[in-house]
Amino acid sequence: KNMIRPLITAFILSLCMATGAISAEFSADLLMQSVGGTHSGKLYFKSEDLNRIEMMGIISISKRPMTYQLFPDTKKYVVTDIDEISKNNPAADAANFKEWIENNNLKKTGTETLEGYKCDIFEGDVKLDDDQPPVHMKIWHTPELGYPIRQESTLPQPVGKISSHLKNIQLESQAGSLFEIPAGYSQAKDVQEAMGMPSFGDGGKGQAPSQEEMQKMMKEMMKKMGQE
């Protein structure tokens, strides 16, 4: 099984966290801290089903139940069907925040005001993939926006701890064009192709890549994600 996908999925989930039935359209600066340092990006939120995140050279457009990861360097994108993933992994579908925290056993541990918004703090271990250990998450969620102001996730190595924080939140209508795939992009068969990485193993015929191939693959992924 390709081990890059769980890490990419966890990365996207750590940024595109659950929303609620009540939400406001807004944009915000998005700051992410990891072992590679601090990265800045942008969030455009239109509804619980429609949002866009720009971070570390990747554009992620969520049009529930589909998520499109765009790679401007290669002009390619990959598509993920959240409904398909959630059949085996309930943590993947974060359409409703209340249901999501209940299904994944997150507990409310306090409240805090961040960026002028009162947030409820939830914390717990979330299983993202059968082949990976649970990810410990701490979420500062505000009902006013229907979105977390801050998140902390501890992912398997070599990714480690990732935190994200919204700044400069602007309540405003978001243009529909932000959530469309730009002209000139083509769909890739997998993340490696979309990132411009070489193919490894047997081309997806069932044989896993060797340890040496996996190390090279992970090194390339970390480089593309700005981790080194």
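Two strands count as paired here if DSSP finds at least two bridges between them. In this predicted model, β9 and β10 clear that bar, with seven bridges joining them in an antiparallel arrangement. The two strands make a hairpin with four residues in between, and Gly146 in the turn has a positive phi of about 70°. Across this pairing, Trp140 sits opposite Arg150 of β10.

On to the next strand along. β10 also runs antiparallel to β11, and five bridges hold this pair together. Again the link is a hairpin, this time with six residues between the strands, and the turn includes Gly160, whose positive phi is about 75°. Arg150 turns up here too: its bridge partner in β11 is His165. As for β10 itself, seven of its eight residues are buried, so the strand is largely enclosed by the rest of the structure.

Then there is the nonpolar packing. The largest nonpolar core takes in 31 residues, and Phe26, Tyr147, Ile149, Leu166 and Ile169 have the most contacts inside it. At least two residues each come from β1 (26-34), β2 (37-47), β3 (50-55), α3 (97-103), β8 (117-126), β9 (135-142), β10 (147-154) and β11 (161-171). The top contributor is β8, which puts in five residues. Separate from this is a second core of nine residues, with Tyr44, Ile59, Leu178 and Tyr185 among them.

Terms used: Residues numbered from 1 in each chain as written. Predicted model: local features only at pLDDT ≥ 70, side-chain atom pairs only at ≥ 80, totals over all residues. Heavy atoms only, no water. Core = buried A, V, L, I, M, F, W, Y, C linked by side-chain atoms within 4.5 Å. Buried < 20%, exposed > 50% of the residue type's maximum accessible area, 1.4 Å probe, protein only.
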